[in-house]
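Here's a quick tour for anyone new to reading protein structures. Have a look at the picture first, then work through the notes by topic.

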Amino acid sequence: MDSVILPVVKNKGGDLTDIDNYRAIAVSNAETKILETVILTRFNEVDNCDRSMYQFGFKKGHSTGLCTSVVKQTVDYYLKHGSHVFVCILDFSKAFDRVNYWKLFSQMIEEGSDVCVVRLLAY
């Protein structure tokens, strides 16, 4: 379960000297990739019926491009029908960096996730 942590630029057009413009990724060995695939497959089998039809992230066959398309079509529809459109856009670019993982793991256990899987994720 060895991994190498590498920095990756978040915004290539941004300040490359700013430490907040980087995120860490783990380059893992083949065994870890197999384990990740098994865990993801298991979660998809268990969780799939609980996900909202409006969720785009972390869902097979969905992407941010699809989400953007839905927003554009919705705005176009209301503009063509003479309505005003008000939009609130939030930038969650740093949200992943600020996740309290121990709180997340505790919540996963409280909601009935397999303790062994949570332990593996924590490791």
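Tyr 101, Trp 102 and Phe 105 come together as one aromatic cluster. Keep in mind that what you're looking at is a predicted model. The notes below start with that cluster, move on to the helix around it and the other aromatic rings, and then zoom out.

**The aromatic cluster**
- Within the cluster, Trp 102 and Phe 105 make an edge-to-face pair, with 5.5 Å from centre to centre and 75° between the planes.
- That angle counts as edge-to-face because it is over 60 degrees.
- Why can these two meet? Trp 102 and Phe 105 sit three residues apart in helix H3, so about one helical turn separates them.
- In general, an α-helix takes 3.6 residues for each turn, so residues three or four places apart point the same way.
- Is Trp 102 buried or exposed? Trp 102 is exposed, because its relative accessibility is 57% and the cut-off for exposed is over 50%.
- Phe 105 is another story: Phe 105 is buried, with a relative accessible area of just 10%.

**The ends of helix H3**
- Helix H3 covers residues 101-110.
- Which residue caps the N-terminal end of H3? Asn 100 does the job, with a side-chain oxygen 3.2 Å from the backbone nitrogen of Trp 102.
- So Trp 102 turns up twice here: its backbone nitrogen faces the cap, and its ring belongs to the aromatic cluster.
- After H3 comes Gly 112, which has a positive phi near 95°.

**Aromatic pairs**
- How many aromatic pairs are there in total? The count is three.
- One of them is Tyr 77 with Tyr 78, an edge-to-face pair at 5.1 Å centre to centre, with 90° between the planes.
- Both of these tyrosines are partly exposed: Tyr 77 has a relative accessible area of 46%, and Tyr 78 has 41%.

**The whole chain**
- The protein chain has four helices and two strands.
- If you read along the sequence, the pattern goes β-β-α-α-α-α.
- The chain has 123 residues, and 8% of them count as buried.
- Phe 105 is one of the buried residues.
- About 10,700 Å² of the protein chain is exposed, and carbon and sulfur atoms supply 60% of that area.
- Among contacts with a separation of 6 or more, 29% are between residues 24 or more positions apart.

Technical notes. Residues are numbered from 1 along each chain as its sequence is written. This is a predicted model: local features need pLDDT of at least 70, side-chain atom pairs count only at pLDDT 80 or more; totals for chains, interfaces and linings use all residues. Side-chain values use heavy atoms; hydrogens and water are left out. Rings of Phe, Tyr and Trp (its six-membered ring) pair if their centres lie within 6.5 Å; planes under 30 degrees apart count as stacked, over 60 as edge-to-face and the rest as tilted. Buried means under 20% relative accessible area, exposed over 50%, partly exposed in between (1.4 Å probe, protein chains only). Contact means heavy atoms within 4.5 Å. Accessible areas come from the Shrake-Rupley method with a 1.4 Å probe; for residues, only the protein chains shown count as cover. A polar contact is a pair of N or O atoms within 3.5 Å; within protein, one must be able to donate a hydrogen and the other to accept it, and residues adjacent in sequence count only if both atoms are side-chain atoms.
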